[in-house]
Amino acid sequence: MKYYCEDSQQVLQELNSQKSGLTEKEAAERLLQNGANELKAAKGKSLLRRFAEQVADPMIVILLAAAAISGVLAVLENDSFADVIIILAVVLINAVLGVYQESKAEKAIEALQDMAAATSKVVRDGKMSSILSKDLVVGDIICLEAGDAVPADARILESASLKAEEAALTGESVPVTKLIDQIFLADGERDVPLGDRKNMVYMGSTIVYGRAVAVVTATGMDTEMGKIADALSQAQEGQTPLQRKLTQLSKVLTKLVIGICVLVFAIQMIRAGSLNFEVALNSFMIAVSLAVAAIPEGLAAVVTVVLSIGVTNMSKRNAIIRRLTAVETLGCAQVICSDKTGTLTQNQMTVVDSFGVKEQELSAAMALCSDAELDADGSVTGEPTEAALVAWASRIGQDKNLLKQSMPRVLEAPFDSGRKMMSTVHKRKDDYIQFTKGAPDVVLTRCGFYLEDGQLLPMTEEYRKKVLQANKSMADRALRVLACGQRVWTKKPESEDADLLEQELCFLGLCGMIDPVRPEVKAAIDECREAGIRPVMITGDHVDTAAAIAKELGILQDGSLAVTGAELEKMDDAEFAEKFRNISVYARVQPEHKTRIVNAWRNAGYVTAMTGDGVNDAPSIKAADIGIGMGITGTDVTKNVADMVLADDNFATIVGAVEEGRRIYDNIRKAIQFLLGSNMSEVLSIFFATLLGFTILQPVHLLWINLVTDCFPALALGTEKAEPNIMKRKPRDAKAGIFADGMGFDIAYQGFLVTALVMVSYFIGHFMETGEWTITNSAHGTTMAFVTMSMAEIFHSMNMRSQRGSIFKLGSRNWLLLGAAVVSLLATTAVCEIPLLAGAFGFTSVEPAEYLVALLLSVLVIPIVELVKWIQRRSTR
Ligand code: ATP
């Protein structure tokens with residue numbers, strides 16, 4: 001059906017709809033019949049594929065090879081298959097856990113995307129409401145305005161200067177002006193190309209200017225977007241910088257390990273002097289042990305899980321992460337550039353003061369020039385600034401609905417934050433009257449006249465000064481000031497072009513509205529400062545209003561400056577680069593100034609967050625390291641490019657997210673340090689034992705420690721609460737590597753420490769069995785070494801609750817970690833004590849005395865690490 005070739009009345013008829021919308025009942029039926037308005041997402045990875053990906057890991061391949069060789073050996077020597085079974089079981093458990101964790105993390109992120117799901121303004125049963133875009137049906141009447149993403153294909157019924165950007169469909173990035181007129185096909189023409197269907201809007205495009213009412217003609221896969229959806233590549237969530245660094249690290253480790261394995265294998269063979277099968281096999285098993293010991297199997301999974309738990313936590317605190325990278329970057333944030341209205345303030349406007357003509361006259365003009373509506377019950381719906389005006393008029397007896405009846409709106413030039421004005425033209429009995437409202441400094445430049453006692457007088461310098469004086473006095477009291485002017489037309493103006501309308505105005509007056517600051521923001525700003533983060537206010541409002549609020553909040557202090565967009569424009573890049581550090585407030589800015597401000601900070605190396613809501617804010621949000629969209633007042637356009645969306649539009653939420661970001665990164669580092677430290681001690685133990693000529697632990701033992709004993713505590717470390725000083729230290733350096741802040745050293749010495757304890761335990765075990773201090777293979781020694789290593793890891797995980805702080809002074813408990821420790825402890829004891837398992841692992845049963853020795857040795861990691869931390873703290877003080 002070519003809806004664009006018919007007039008709007010016909011379209012409505014065909015779709016069985018009307019301007020007052022469908023009924024809720026009808027809409028529900030249609031939804032049931034035709035399904036949700038959604039593009040079918042590309043199929044996710046299949047379970048099998050995920051499984052295959054887990055098993056394709058080089059480390060797993062080595063293990064499988066080891067299992068195969070052990071298997072062959074068992075057949076040849078008529079031995080037990082215990083090794084093979086254990087290795088295969090561990091590989092299987094590992095892969096299943098990996099798949100499970102990966103899907104769970106993905107689900108968590110999908111759930112978040114649902115939270116940020118798009119909504120549309122729809123008219124049903126004659127009333128406008130906001131519904132989830134996926135519930136739209138054909139025939140629904142939708143209202144579109146600047147910043148909206150078009151939710152479905154629709155035929156335009158009413159339009160006020162509507163412009164849409166349709167690049168996703170047509171490749172044309174210049175916005176197209178939309179009309180309501182029917183399109184006629186020329187003779188012989190069978191259809192018009194999509195880009196020329198000026199009376200239609202399509203899913204996947206965005207409204208960049210104006211307003212419109214339209215009727216939905218197609219939803220979901222029936223839309224033009226749906227038809228090409230197959231060709232769309234789903235945007236893939238990339239890895240975060242940390243995850244990339246870790247992938248690189250494990251690649252390097254893998255190569256290194258393979259190199260070392262080959263070397264050890266060669267040394268062993270040369271040492272044996274002959275090429276006999278048994279030596280080759282023994283050497284191979286040592287090489288495999290080393291490989292198992294060195295590769296941090298659980299690491300990737302732990303990082304993914306901690307990130308996904310963190311993201312879920314953040315959403316509970318109203319910060320919805322749209323790009324996983326933001327979690328890490330948040331922890332490094334050094335500058336937060338924030339809008340004023342709605343983010344720092346409550347965006348609940350009330351007119352409290354006015355200047356100029358009589359209040360009745362002024363409020364009536366402003367109410368008519370407003371898109372907010374007065375409902376039957378006396379309440380007002382609409383954007384807060386607009387609503388405040390209608391409410392004000394209504395308070396002094398000017399009912400907007402009555403005003404509308406006597407002066408219906410015939411034309412309009414919508415508000416845009418670049419122009420900072422909005423105009424409407426209304427029909428009166430014999431002529432037309434235009435009202436323009438907007439920022440006083442702008443409106444005043446368009447006024448050639450003013451009204452005094454009902455008399456039209458030419459604007460004088462003196463009167464202009466009086467107006468500016470009144471404006472300043474309101475702004476200094478932190479009021480948001482709007483000016484209003486009027487213009488009489490004998491004929492209806494020929495176009496709704498703003499430039500044509502907005503001149504030769506007659507000044508009517510000013511109104512000042514309060515917008516109280518959000519109560520929690522002051523504390524959040526103080527917290528920012530303590531955390532080494534610089535808050536900067538950027539607003540479209542007047543500089544005096546902005547400065548008054550910034551002072552109240554503590555953003556403007558210590559001789560920092562408030563600068564206007566015009567002043568900013570006068571500075572060249574060199575001058576700005578010199579001064580930007582000292583500027584805390586930017587007022588009367590244009591959206592493009594925001595990009596310049598972000599870039600100035602970023603070019604100087606600061607990690608910068610930037611909030612935005614308007615349709616023109618997308619470039620600056622994109623330019624920022626952390627682009628923040630507004631969940632309530634924000635446009636779809638800004639939300640779509642944002643890294644994070646604030647569900648409550650609140651500045652304090654950003655600061656909360658920064659804290660959460662810092663905590664998550666800390667915890668991931670704790671888990672990394674713990675796991676790598678454990679690998680280090682395993683490698684060193686195997687290495688020294690091989691040098692001394694005995695086998696301390698078998699590959700299956702190391703596998704057990706890596707995948708069972710280590711995994712639970714590492715995950716539990718990921719849930720560690722924030723350390724008390726987390727918002728009292730400077731932001732982390734974004735460029736710092738994984739091993740920054742002495743973590744490399746910590747891993748090394750802690751690895752050596754555990755190795756030493758394990759070796760001692762081995763020899764004691766051997767001694768307690770035989771009464772000899774000899775260097776030789778000993779099942780008793782191996783069992784003791786295993787117990788000590790497992791237990792030391794468990795105790796060491798307690799150390800890792802803080803990299804440098806004493807664990808006795810954390811003031812918090814990590815019950816999950818205690819639980820994980822108990823589980824790991826039980827698992828370790830079980831493999832040593834349950835005869836069937838112990839046999840399979842080649843353990844001998846240990847006497848209580850021996851067990852106690854192993855336990856005591858392993859507990860030593862706590863006091864020793866505490867001591868080193870104490871020395872470290874003292875030396876950095
Ligand atoms: P922020 O950037 O902090 O959200 P803001 O809401 O004041 O501040 P804009 O929405 O760009 O920024 O508004 C800029 C100026 O335009 C306002 O200070 C006001 O003078 C004027 N203005 C705002 N809304 C309207 C409106 N609906 N009609 C006419 N003028 C408006």
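Colleague: How far apart are the mean positions of the positive and negative charges of the protein chain?
Modeller: This is a predicted model, in which local features need pLDDT of at least 70 and side-chain atom pairs count only at pLDDT 80 or more, while totals for chains, interfaces and linings use all residues. Residues are numbered from 1 along each chain as its sequence is written, and side-chain values use heavy atoms, with hydrogens and water left out. Lys and Arg count as positive and Asp and Glu as negative, without His and the chain ends, and each charge is placed at NZ of Lys, CZ of Arg, CG of Asp or CD of Glu. For the 86 positive and 105 negative charges of the protein chain, the mean positions are separated by 4 Å.

Colleague: What share of the exposed area of the protein chain do carbon and sulfur atoms supply?
Modeller: Accessible areas come from the Shrake-Rupley method with a 1.4 Å probe, and for residues only the protein chains shown count as cover. The protein chain exposes about 38800 Å², of which carbon and sulfur atoms supply 58%.

Colleague: Which helix gives the most residues to the largest nonpolar core?
Modeller: A nonpolar core is a set of buried Ala, Val, Leu, Ile, Met, Phe, Trp, Tyr and Cys residues joined through side-chain atoms within 4.5 Å, where buried means under 20% relative accessible area, exposed over 50% and partly exposed in between (1.4 Å probe, protein chains only). In the largest core, of 135 residues, Met 644, Phe 651 and Ile 696 touch the most other members. Helices (H or I, at least four residues) and strands (E, at least two) are DSSP runs numbered from the N terminus, and the one that gives the most to this core, with 15 residues, spans residues 651–692 and is helix 25.

Colleague: Is Asn 347 buried or exposed?
Modeller: Asn 347 is found in the loop between strand 9 (335–339) and strand 10 (350–356). Beyond residues up to four places away in sequence, Asn 347 touches Thr 341, Gly 342, Pro 384, Asp 515 and Thr 633, a contact being heavy atoms within 4.5 Å. Because its relative accessible area is 12%, Asn 347 is classed as buried.

Colleague: What is the relative accessibility of Thr 709?
Modeller: Thr 709 lies in helix 26 (residues 699–709). Leaving aside neighbours within four places in sequence, the contacts of Thr 709 include Trp 704, Ser 790 and Ile 794. Thr 709 counts as buried because its relative accessibility is 1%.
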